[in-house]
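Subject: Structure handover and findings

Hello,

Here is the structure I promised to pass on. Please open it alongside the notes below.

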Amino acid sequence: MPVRVDWSKRAEYIRSRHAVEPTWANEALEDDHAVWLQPDPASRSGHSVRVVGYSTSAQQVLTVILVEAGVYPSESADGDWWGSNAGVASERDRRLFGKED
């Protein structure tokens, strides 16, 4: 089942900050070997999830940060998750994924 993510609030951020396209982040989320850390161990709020997966378009292992859509009751996401952040996976995250350089 596909993961539905609303990137409307953060798409420009991940493009400008990390040079990652939302479609690439979605590919990493759909990776059969993606590692889901729920909750994200680096989360301050405890509401985010860290996903480490491979994007074929980016040809990179990416780390994607999601927040469950229901966390913000005043806003409804167009999907099951809000996309918060995405970038090339750190060495630590690549080890979690099992793909070290």
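Valine 5 is a good place to begin. Beyond its neighbours within four places in sequence, Val5 contacts Asn26, Leu29, Leu66, Asp78, Trp81, Trp82 and Gly83. Please keep in mind that this is a predicted model.

Val5 sits in strand 1, which covers residues 5-6. Its relative accessible area is 13%, so valine 5 counts as buried, the cut-off being under 20%. One of its partners lies far along the chain: valine 5 and tryptophan 81 are 76 residues apart in sequence, yet their C-alpha atoms are separated by 4.8 Å.

Now the core. The largest nonpolar core has 16 residues. Val5, Trp7, Leu29, Val51, Val64, Leu66 and Ala86 have the most contacts inside it. Five elements each supply at least two residues of this core: helix 1 (11-18), helix 2 (22-30), strand 3 (48-55), strand 4 (60-68) and strand 5 (81-88). In soluble globular proteins, nonpolar side chains tend to be buried together.

A second core is separate from that one and has 6 residues. Val35, Val52, Val61 and Phe97 are among them.

Back to the largest core for Leu66. Setting aside residues within four places in sequence, leucine 66 contacts Val5, Leu29, Trp36, His47, Ser48, Val49, Val51, Trp81, Trp82 and Gly83.

Next, threonine 63. This residue is in strand 4. Is Thr63 buried or exposed? Threonine 63 is buried, because its relative accessible area of 9% falls under the 20% limit. Its side chain makes a polar contact of 2.7 Å with the side chain of aspartate 93. Asp93 also appears in its contact list, which leaves out neighbours within four places in sequence. The other residues on that list are Arg50, Val51, Val52, Asn85, Ala86, Gly87, Val88, Ala89 and Ser90.

Last, arginine 15, in helix 1. With a relative accessible area of 31%, Arg15 lies between the 20% and 50% cut-offs and is therefore partly exposed. Which residues does arginine 15 touch, not counting those up to four places away in sequence? They are Val20, Glu21 and Pro22. Arginine 15 and glycine 87 are 72 residues apart in sequence, with 9.2 Å between their C-alpha atoms.

Best wishes

How values were computed:
Residues numbered from 1 in each chain as written. Predicted model: local features only at pLDDT ≥ 70, side-chain atom pairs only at ≥ 80, totals over all residues. Heavy atoms only, no water. Core = buried A, V, L, I, M, F, W, Y, C linked by side-chain atoms within 4.5 Å. Buried < 20%, exposed > 50% of the residue type's maximum accessible area, 1.4 Å probe, protein only. Helix = DSSP H or I, 4+ residues; strand = E, 2+ residues; numbered from the N terminus. Contact = heavy atoms within 4.5 Å. Polar contact = N/O pair within 3.5 Å; in protein donor to acceptor, adjacent residues only side chain to side chain.
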